Amino acid sequence: MRVNWREIPAARNSYAVLEAACGTTGWHLDPVTEPEADITCYSLNSINERRYREEIAGAGCITIAGGPHATACWREVATYTDYVVVGEGEYTLPALLANLESGGNGMIPGVATREGYTPVKSSVRLDAYPAFSEVKGYVEISRGCPFACGYCQTPQIFGHCMRHRMIDEIVQFANRYGQARFVSPNAFAYGSDGIHPRFDKIEHLLRKLTHEIFFGTFPSEVRPEFVCEESLSLITDYCTNTKLHFGAQSGSDAVLEQLHRGHTVADAIRAAELCAGAGITPVIDFIFGFPFETDADQEATVAAIKDLSHIGKIHVHQFIPLPGTPLAGTRARSLLYATEKTCGDLALGGKLTGAWNDPEIRFFRRRSQ
Ligand code: SF4
């Protein structure tokens with residue numbers, strides 16, 4: 001039975017992870033640019049799903065879809081694909097392939113079809129699977145997040161309990177290439193419960209890495225309240241990156257509270273100032289257009305962006321109500337003229353990147369490090 005992986009740029013790391021996981025049970029996922037027999041697998045996010053829906057529906061082979069959109073909207077996705085892998089795929093996808101090869105109907109835990117869905121009873125232990133194999137990927141060091149930001153799919157897919165890959169496992173993969181790059185919902189939370197930092201464990205990890213280290217840059221950004229002198233010294237002492245990427249998201253404490261972000265505007269400003277003091281350029285994320293954002297809230301965000309652009313780089317995008325999140329089903333509010341003008345001016349000056357007037361671009365472009 002030949003199994004293919006539909007190449008989708010935004011899902012490159014999912015390919016690396018699932019190719020490695022399938023490899024542990026003898027399956028190889030061949031990269032393809034269109035569906036091919038016997039089986040073609042897709043990873044869909046909520047923007048690119050529209051691009052692939054017709055292709056999947058018209059495929060002349062068995063199709064399997066997973067990823068954040070398929071997880072959040074499995075009932076809908078099951079109307080046009082044969083099997084939906086809901087949630088984590090490392091265990092479920094190889095198990096589904098084995099079931100299909102042995103003549104089963106694919107109705108195993110973790111897989112949804114038009115007939116229904118039975119959830120899995122446990123989550124994946126990262127150390128049980130390689131970070132990647134032949135297909136190079138970032139090393140995922142942590143999964144899950146104890147926070148519940150209203151716009152974010154991460155805790156909905158991976159749960160609120162942080163899980164970590166063991167240090168020796170990370171080192172084995174990270175030292176294979178000249179540059180070590182990681183995936184984490186908050187790199188400074190490595191080894192911790194996600195709320196109380198364990199910088200000693202991060203230092204233990206970084207000490208064992210032998211090549212260039214990029215830590216706290218996309219896709220292993222950090223949270224602002226984890227930025228302190230101790231965490232910054234880990235970057236300056238061990239890492240190659242001269243930037244640190246974290247989310248401020250709004251210049252309004254009222255908005256941050258409604259998002260359940262768990263930090264304040266002052267926390268983000270303090271983090272940026274600490275970075276600058278340590279000789280590190282902060283790269284700070286902001287989101288415009290939350291449905292409850294008032295004109296005054298948006299003006300406060302613009303003011304914060306202007307201030308912070310003097311000491312760091314700003315990355316902005318427009319709010320998208322992703323399915324499965326607490327803010328699913330809401331609508332982004334519009335941008336004020338002054339907001340668009342400020343973003344344009346700062347972008348022209350090289351201080352700001354992102355897509356403040358096209359929310360979908362961020363799903364197709366990788367952010368700068
Ligand atoms: S935005 Fe970050 S901190 Fe908030 S829930 Fe998502 S992963 Fe966690």
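**Figure 1. Trp-5 stands opposite Pro-31 of strand 2 in this predicted model.** The two residues belong to a pairing between strand 1 (residues 3–6) and strand 2, which run parallel and are joined by four bridges. Strands 1 and 2 are part of an open sheet of seven strands with the order 2-1-3-4-5-6-7, in which the pairing is mixed. The edges of this sheet are strand 2 (29–32) and strand 7 (116–117), each of which pairs on one side only. In a regular strand, side chains alternate between the two faces of the sheet.

**Figure 2. Strand 4 and its partners within the open sheet.** Strand 4 spans residues 62–66 and is mostly covered, with four of its five residues buried. On one pairing, strand 4 runs parallel to strand 3 (residues 39–43), and five bridges join the two. Within this pairing, Cys-41 is placed opposite Ile-64 of strand 4. Strand 3, helix 2 (residues 49–57) and strand 4 together make a β-α-β unit that is right-handed. Strand 4 also runs parallel to strand 5 (residues 83–85), to which two bridges join it. Here Ala-65 stands opposite Val-84 of strand 5.

**Figure 3. The contact between domain 1 and domain 2.** The domain assignment of the chain gives domain 1 as 3–117 and domain 2 as 138–363. Taken over C-alpha atoms, the centres of the two domains are separated by 29 Å. Domain 1 contributes 13 residues to the contact, and domain 2 contributes eleven residues. On the side of domain 1 that touches domain 2, helix 1 (12–23) and helix 3 (68–72) each supply at least two residues. Helix 3 gives the most to this side, with four residues. By class, this side of domain 1 has six nonpolar and seven polar residues, and no charged residues.

**Figure 4. The residues that surround the ligand.** The shell consists of Cys-145, Phe-147, Ala-148, Cys-149, Cys-152, Thr-154, Pro-155, Pro-185 and Arg-223. These residues divide by class into seven nonpolar, one polar and one charged.

**Figure 5. Strand 15 between its two parallel partners, strand 14 and strand 16.** Strand 15 (residues 313–318) is mostly covered, and five of its six residues are buried. Its pairing with strand 14 (residues 281–288) is parallel and extends over six bridges. Lys-313 in strand 15 is the bridge partner of Val-283. From strand 14 the chain passes through helix 12 (residues 295–308) to strand 15 in a right-handed β-α-β crossover. Strand 15 also runs parallel to strand 16 (residues 352–355), and four bridges join these two strands. In this second pairing, Ala-355 of strand 16 is the bridge partner of His-317. The path from strand 15 to strand 16 leads through helix 13 (residues 337–348), and this β-α-β crossover is likewise right-handed.

**Figure 6. Lys-201 in helix 8 and its surroundings.** Helix 8 comprises residues 199–208. Because 14 other C-beta atoms lie within 10 Å, Lys-201 is partly exposed. Apart from its neighbours within four places in sequence, Lys-201 is in contact with Tyr-190 and Gly-191. Lys-201 and His-28 lie 173 residues apart in sequence, and their C-alpha atoms are 35 Å apart in space.

**Figure 7. Two cis peptide bonds, one from Ala-37 to Asp-38 and one between Phe-218 and Pro-219.** Most peptide bonds are trans. The bond from Ala-37 to Asp-38 is cis, with omega near 5 degrees. Asp-38 belongs to the loop between strand 2 and strand 3. For the cis bond that joins Phe-218 and Pro-219, omega is about 0 degrees. Pro-219 is placed in the loop between strand 12 (212–214) and helix 9 (229–238).

**Figure 8. Positive phi values at Gln-249 and His-260.** Most residues other than glycine have a negative phi. Gln-249 is not a glycine, yet its phi is positive, at about 75 degrees. This residue is found in strand 13 (residues 243–249). Gln-249 is buried because 24 other C-beta atoms lie within 10 Å. His-260 likewise has a positive phi, near 60 degrees. The loop between helix 10 (253–259) and helix 11 (265–277) holds His-260. With 12 other C-beta atoms within 10 Å, His-260 is exposed.

Definitions and conventions:
Residues numbered from 1 in each chain as written. Predicted model: local features only at pLDDT ≥ 70, side-chain atom pairs only at ≥ 80, totals over all residues. Buried ≥ 20, exposed ≤ 12 C-beta atoms within 10 Å, placed from the backbone. Pairing = 2+ DSSP bridges. Right-handed = clockwise from strand over helix to strand, strands pointing away. Domains from an automatic or database assignment. Contact = placed C-beta atoms within 7 Å. Nonpolar A, V, L, I, M, F, W, Y, C, P; charged D, E, K, R; others polar. Near = placed C-beta within 6 Å.
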